[in-house]
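Hi there,

Here is the structure I promised to pass on. Have a look at it first, and then read on for what turned up.

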Amino acid sequence: GINAEYMGHFLSVYFFFANPPHTTKPMGGPCDCDGASWDEMDNFLICQFTIDGVTWVSAEQYFQAIKFNDDGYRATIQSAAPTTDFWSMGQTRSYPLVPNWEEVKVEAMYTANYAKFSQNEELKKVLIATKGPITAHGFPFWAKWNPILLERIREELRDEGSRNEAHLAECKRRMEQYRKENA
């Protein structure tokens, strides 16, 4: 197989050439919907929310911390300053990942974003005011999955009478299918 150090180097080179620093960040960024770009939908957006009694400053911070099976390293990421490059902290393989990370990583990003939008009223208002498909950018995996989880959250946070129940069910089905395929 490919060793972790080589893969980390490969990804760094790939992201540099795929996303030159003057054009965009290598990961994340605002999502597009209804003809506009929304910073509120960026996983790197600095805002506070709490999950299981722990305060986080971005969905990306939570996601990068929760992937590690080492409580000490999780705490290091959790206590880092909001301006920290959480994505880079999450790329180390000096600490073990949770054993089923591939299975649960989409759910982890969903958990972070659900907390972010449900606990920040202004962010929630922006999300539920959008109507159309959400488009994400960056790494192809997340360009696919961020819209699915954000559209799911949008429907879940809407009043029951204004939800698109069929779309909500489809988002849930796709996330569950991913989990099962990676179990």
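Arg-158 touches Ile-128, Thr-130, Lys-131 and Arg-163, if you set aside its neighbours within four places in sequence. Please keep in mind throughout that this is a predicted model. Arg-158 sits in the loop between α7 and α8. Is Arg-158 buried or exposed? With a relative accessibility of 12%, Arg-158 falls under the 20% limit and therefore counts as buried. Its side chain has polar partners as well: one of its polar atoms lies 3.1 Å from the backbone oxygen of Ile-128, and a polar contact of 2.7 Å connects the side chains of Arg-158 and Glu-155.

Stepping back to the whole chain, you will find eight helices and four strands. Along the sequence they come in the order α-β-β-β-β-α-α-α-α-α-α-α. Of the 183 residues in the protein chain, 40% are buried. Looking at contacts between residues at least 6 apart in sequence, 60% join residues that are at least 24 apart.

Now to the charged pairs. Side chains of opposite charge can pair when their charged atoms come close. How many salt bridges does the model have? The count comes to nine, and here are some of them.

One salt bridge joins the side chains of Arg-179 and Glu-103, at 3.1 Å from N to O. This pair ties together distant parts of the chain, as Arg-179 belongs to helix α8 (residues 165-181) and Glu-103 to helix α5 (residues 101-119), 76 residues apart. The two partners also sit in different accessibility classes: Arg-179 is partly exposed because its relative accessibility is 30%, which lies between the 20% and 50% limits, while Glu-103 is buried because its relative accessible area is 16%. There is a network here too, with salt bridges linking Glu-103, Glu-176 and Arg-179.

Another salt bridge is formed by Glu-156 and Arg-152, whose closest N and O atoms are 2.8 Å apart. Both residues are in helix α7 (residues 140-157), and because they are four residues apart, about one helical turn separates them. Glu-156 and Arg-152 are both buried.

Arg-152 comes up again when you look across to helix α8, where Ala-169 has its place. The C-alpha atoms of Ala-169 and Arg-152 are separated by 8.3 Å, with their positions 17 residues apart along the chain. Ala-169 has a relative accessibility of 44%, so this residue counts as partly exposed.

Arg-163, which you met above as a contact of Arg-158, has a salt bridge with Glu-165, at 4.0 Å from N to O. Arg-163 is partly exposed, with a relative accessible area of 26%, and Glu-165 is partly exposed at 43%.

Two aspartates deserve a look for their backbone angles. Most residues other than glycine have a negative phi, and most peptide bonds are trans. Asp-34, however, has a positive phi, near 55°. Where does Asp-34 lie? Asp-34 is in the loop between β1 (31-33) and β2 (36-38), and with a relative accessible area of 44% this residue is partly exposed. Asp-52 likewise has a positive phi, near 50°. Its place is in the loop between β3 (49-51) and β4 (54-56). At 76% relative accessibility, Asp-52 is over the 50% limit and so counts as exposed.

Lastly, the inside of the model. The search for cavities of 30 Å³ or more gave a count of one, and the volume of the largest cavity is about 30 Å³. Which residues line the largest cavity? The lining is made up of Gly-28, Gly-29, Cys-31, Met-41, Asp-42, Asn-43, Ala-136, His-137 and Asn-146. Sorted by class, that lining has three nonpolar residues, five polar ones and one charged one.

If you open the model, Arg-158 in the loop between α7 and α8 is a handy place to begin, and the network of Glu-103, Glu-176 and Arg-179 can come after that.

Best wishes

Conventions:
Residues are numbered from 1 along each chain as its sequence is written. This is a predicted model: local features need pLDDT of at least 70, side-chain atom pairs count only at pLDDT 80 or more; totals for chains, interfaces and linings use all residues. Side-chain values use heavy atoms; hydrogens and water are left out. On a 1 Å grid over the protein atoms alone, a cavity is a set of points where a 1.4 Å probe fits but cannot get out, and a pocket is an open set with protein on both sides within 12 Å along at least five of seven lines; lining residues have an atom within 4 Å of a point. Grid points are joined across faces, edges and corners, and a volume is the space filled by probe spheres set on the points. Ala, Val, Leu, Ile, Met, Phe, Trp, Tyr, Cys and Pro count as nonpolar, Asp, Glu, Lys and Arg as charged, and the others, Gly among them, as polar. Helices (H or I, at least four residues) and strands (E, at least two) are DSSP runs, numbered from the N terminus. Buried means under 20% relative accessible area, exposed over 50%, partly exposed in between (1.4 Å probe, protein chains only). A polar contact is a pair of N or O atoms within 3.5 Å; within protein, one must be able to donate a hydrogen and the other to accept it, and residues adjacent in sequence count only if both atoms are side-chain atoms. Contact means heavy atoms within 4.5 Å.
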